[in-house]
Amino acid sequence: MVAPKGELEEVFGSGTAAVISPVGELSWKGQKIVINNNQTGEFAQKLFNYVTGVQSGKIADQFNWMEEITG
């Protein structure tokens, strides 16, 4: 089943290790909602690229998220 009104475009979770994890479908009360044909959405992909770019140093850390750890 596709979202009845077609309003749901993307769903994703985020976290330290997962970065951005897209959700392809939701199930509730026996109904299945497929989200974006099980494909990563445009916003989730942009967010993933940005966060991993900051993590790798390819994008400047303008929010001071990164903390250098020296041993």
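**Close-up 1. K46 and E42, an exposed salt bridge in helix α1**. K46 and E42 are both exposed (over 50% relative accessible area; buried is under 20%, partly exposed in between; 1.4 Å probe, protein chains only). The two residues form a salt bridge (a side-chain nitrogen of Lys or Arg within 4 Å of a carboxyl oxygen of Asp or Glu). Their closest N and O atoms are 3.2 Å apart. Both sit in helix α1, residues 42–56 (helices are DSSP runs of H or I, at least four residues, numbered from the N terminus). They are 4 residues apart, so about one helical turn separates them. The model is predicted: local features need pLDDT of at least 70, side-chain atom pairs need 80 or more, and totals for chains, interfaces and linings use all residues. Residues are numbered from 1 along each chain as its sequence is written, and side-chain values use heavy atoms, without hydrogens and water.

**Close-up 2. K32 and E25, a partly exposed salt bridge**. The structure holds 2 salt bridges. In the K32–E25 bridge, the closest N and O atoms lie 3.6 Å apart. Relative accessibility is 38% for K32 and 35% for E25.

**Close-up 3. The aromatic cluster of Y50, F63 and W65**. Aromatic pairs number 3 (ring centres of Phe, Tyr or Trp, its six-membered ring, within 6.5 Å; stacked under 30 degrees between planes, edge-to-face over 60, the rest tilted). Y50 and W65 are edge-to-face, with centres 6.0 Å apart and planes at 85 degrees. This pair links distant parts of the chain: Y50 in helix α1 and W65 in the segment after α1, 15 residues apart. F63 and W65 are stacked, at 5.2 Å centre to centre and 25 degrees between the planes. Y50 is partly exposed at 24%, as is F63 at 48%.

Conventions. Helix = DSSP H or I, 4+ residues; strand = E, 2+ residues; numbered from the N terminus.
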